[in-house]
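Here's a quick briefing to read alongside the sequence and the model. It covers a loop first, then a helix.

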Amino acid sequence: FLILGIYWVAHQHQFRVIRRVDRTLLWINLALFVGIALIPVSARLLGEYGHYQTVIVLYGCNLIAVRLMLYVHWAYATGRYRLVDPWLSPESIAYLKRRILWGPVAYLGAIGLSFWDTRLSLLVYVLVHLQFILPSRREHIPAPRPVAGSSAL
C-alpha cells in the first residue's frame, strides 16, 4: 500500500503543474496505471517467494516500468511546455526528470545484486522506497502564478 501511495503522491505532484491534458497524455496515464495495478501482484509474489532471484527480478522490472512511465508522463507534459504553464523553470523540470530516473537506476542495481545475494536486493528496494517517501527541498515546485485577469476560486 505504501508503494502505491508513493506513486499516487508523485502523480499528484506532477498534476499540480500540468494545466491541460490531451489524448496522448491520457494514454500515457493509462499505461502508467497498468504498471501500478501490477505492483500488488509482483509484491505478493515477492512476499511469498522473495528468496527466488526470478521473483526479485520480476518485481524490479515492474518498478522500473512504472518509474519509466512516470518519466514519460512528465517529459511529455513538460516538453516544449506542451501541457504546463511557461512559468515553470527548466531547472525544476530537469530536476524532477533526474529524480524520477534515479529509481530505475537503483532498481537495476537491485536486480544486479540479486545475482549475488537476494537479501541485498530486497534491502535496496526498501531503501529506494524510503528515499521517495522523504521529499527533497529541490523537489518543491512553487504554486502556480495566477493568470492576469482571473479570479481565485
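Tyr 81 sits in the loop between α3 and α4, and Arg 80 is found in that loop too. Helices here are DSSP runs of H or I with at least four residues, numbered from the N terminus. This is a predicted model, where local features need pLDDT of at least 70, side-chain atom pairs count only at pLDDT 80 or more, and totals for chains, interfaces and linings use all residues. Residues are numbered from 1 along each chain as its sequence is written, and side-chain values use heavy atoms, with hydrogens and water left out.

**The loop**
- Tyr 81 isn't a glycine, yet its phi is positive, at about 55 degrees.
- Arg 80 also has a positive phi, near 50 degrees.
- Most residues other than glycine have a negative phi.
- Arg 80 counts as exposed because its relative accessibility is 75%, while Tyr 81, at 28%, counts as partly exposed. (Relative accessible area: buried is under 20%, exposed over 50%, partly exposed in between; 1.4 Å probe, protein chains only.)

**Helix α5**
- α5 covers residues 118-133, 16 in total, and reaches 23 Å from first C-alpha to last, close to the 22 Å expected (1.5 Å times one less than the number of residues).
- Its buried residues are Thr 118, Ser 121, Val 124, Tyr 125, Val 128, His 129 and Phe 132.
- They lie on the same side of α5 because they cover an arc of only 130 degrees around the axis, taken from the directions from the helix axis to the C-beta atoms.
- These buried residues pack against α1 (2-15), α3 (53-78) and α4 (90-114), with contact meaning heavy atoms within 4.5 Å.

Technical notes: Helix = DSSP H or I, 4+ residues; strand = E, 2+ residues; numbered from the N terminus.
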